[in-house]
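Trainee: How should I read a metal site in a model like this one? Please start from the sequence.

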Amino acid sequence: MGAERTLQNLHAAYAGESKAQVRNRLFAEIAEREGYRQIGRLFRAVAEAENVHARNALVLLGELKSTEENLRTAFENEILAKNQFYPRFIREAEEDGHGEAARKFAQARDVEERHSQLYRRALSYLVNEEEVEYFVCQVCGYVAEGDPPEHCPICGALKKHFQKVS
Ligand code: FE2
Ligand code: FE2
Ligand code: FE2
């Protein structure tokens, strides 16, 4: 009983700390846009700290496995997002007349499809490693290989919106 409760709390800590991290990074961008460099730095520092808390909770949840298993989990999560979560989110946003949310959900669904393909293909790199650079569209999350495209195939963003992954 007690162990069950702690497991739930670990899930809650993982979710909450992950959200706080993303939120703080956006707060940092806003602070910097408004000219508050030091406050931007503070938001980033605390975001890094929340990342540590999120990681600690995830480690204790025991969901981290070998790379082969992690790739399968990552693949399955993308399939779930593209086939189950986003289709419902899109339908409900449309029913609610929230066009912007419906469009963003639809882009995300298409990008998840792309992510799933990349993961499926990566399973073969386990035996036959291939070196390739990745670039992420900062508007929709599309992942390009090799070189960023002139226009994002999902959202149409220009090449300059692609960020290289180190
Ligand atoms: Fe925290
Ligand atoms: Fe994804
Ligand atoms: Fe995009």
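**Reading the iron sites**

Mentor: Along the sequence, the donor residues of the iron ion (ligand 2) show the spacing E-x33-E-x2-H. Donors are N, O and S atoms within 2.8 Å of the metal (3.2 Å for Na, K and Ca); water is not among the atoms, so sites may look incomplete. The model is predicted: local features need pLDDT of at least 70 and side-chain atom pairs 80 or more, while totals for chains, interfaces and linings use all residues. Residues count from 1 along each chain as written, chains are lettered from A and ligands numbered from 1 in written order, and side-chain values use heavy atoms, without hydrogens or water.

Trainee: Which atoms are the protein donors of the iron ion (ligand 2)?

Mentor: Glu78 (OE), listed twice, Glu112 (OE) and His115 (ND1), at 2.0 to 2.5 Å. Glutamate 78 lies in helix H3 and histidine 115 in helix H4, 37 residues apart, so the pair links distant parts of the chain (helices are DSSP runs of H or I, at least four residues, numbered from the N terminus). Both glutamate 78 and histidine 115 are buried (under 20% relative accessible area; exposed is over 50%, partly exposed in between; 1.4 Å probe, protein chains only).

Trainee: What coordinates the iron ion (ligand 1)?

Mentor: Glu17 (OE), again listed twice, Glu50 (OE) and His53 (ND1), at 2.1 to 2.4 Å. The spacing here is E-x32-E-x2-H. Glutamate 50 and histidine 53 are about one helical turn apart because they sit three residues from each other in helix H2 (residues 37-61). Glutamate 50, at 16% relative accessible area, is buried; histidine 53, at 39%, is partly exposed.

Definitions and conventions: Helices (H or I, at least four residues) and strands (E, at least two) are DSSP runs, numbered from the N terminus.
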